[in-house]
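Please find below a colleague's note on the structure shown here. The points are numbered for ease of reply.

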Amino acid sequence: MLICHCNIITEKEIEQTIIGLLDEDPWQLIVPAKVYHAMRKRGRCCGCFPNVVETIIRVTENYHARSEGSGADHLDRVRGLRVQYGSRFHERRSADHRAA
Ligand code: FES
């Protein structure tokens, strides 16, 4: 599935890049700009960033769930922050306002 129409980046490419970053440092903070920088791309309209954030969360959760399970407390804290700060709205855009 195409996530970024400006740079023609698929969901699979983003997932592989995130896993590569997690292999380097499993506890680093990964944001869309870091993923795009690793792919030698950059955000143009940045309309894909909410989808990239959701992909980062999903891939990171799965990555740590597959590893030893020592990060369960950390993942619970991350989920709590996600509920607290939410990811449905980004710069006053609702979740349904996406080009993809
Ligand atoms: S859709 Fe990704 S930068 Fe525009």
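The points below treat the overall layout, one helix, the nonpolar core and one proline.

1. Status and layout. The model under discussion is predicted. The protein contains four helices and two strands, and their order along the sequence is β-β-α-α-α-α. Of the 100 residues in the protein, 14% are buried. Among contacts with a separation of 6 or more, 56% are between residues 24 or more positions apart.

2. Geometry of α1. Helix α1 consists of 14 residues, and the distance from its first C-alpha to its last is 20 Å. That span is close to the 20 Å expected at 1.5 Å a residue.

3. Two sides of α1. Ile14, Thr17 and Ile18 are the residues to note here, being buried in α1. These three lie on the same side of the helix, because the arc they cover around the axis is only 100°. Lys12, Gly20 and Asp23, by contrast, are exposed on the other side of α1. The cover over the buried residues of α1 includes both strands, β1 and β2 (9–10), together with helices α2 and α3.

4. The nonpolar core. Which residues form the largest nonpolar core? This core has 11 members: Ile3, Cys4, Ile14, Ile18, Val35, Tyr36, Cys48, Phe49, Val52, Ile56 and Val59. Two or more residues come from each of β1 (2–4), α1 (11–24), α2 (32–38) and α3 (49–66). The element that gives the most is α3, with four residues.

5. Ile18 as a point of convergence. Ile18 is both one of the buried residues of α1 and a member of the largest nonpolar core. With its neighbours within four places in sequence left aside, Ile18 is in contact with Ile30, Val35, Thr55, Ile56, Val59 and Thr60. Val35, Ile56 and Val59 also belong to the core. A reader wishing to inspect the packing in the model may start from Ile18, whose contacts include Thr55 and Thr60.

6. Pro50. Is Pro50, a residue of helix α3, buried or exposed? Pro50 counts as buried because it has 20 C-beta neighbours inside 10 Å, and the threshold for that class is 20 or more. Pro50 may also be viewed alongside Pro32: the two are 18 residues apart along the chain, and 8.7 Å separates their C-alpha atoms.

Notes
Residues are numbered from 1 along each chain as its sequence is written. This is a predicted model: local features need pLDDT of at least 70, side-chain atom pairs count only at pLDDT 80 or more; totals for chains, interfaces and linings use all residues. A nonpolar core is a set of buried Ala, Val, Leu, Ile, Met, Phe, Trp, Tyr and Cys residues joined through C-beta atoms within 7 Å. A residue is buried if 20 or more other C-beta atoms lie within 10 Å of its own, exposed if 12 or fewer, and partly exposed in between; C-beta atoms are placed from the backbone. Two residues are in contact if their C-beta atoms, placed from the backbone, lie within 7 Å. The expected span of a helix is 1.5 Å times one less than its number of residues. The arc is that of the directions from the helix axis to the C-beta atoms.
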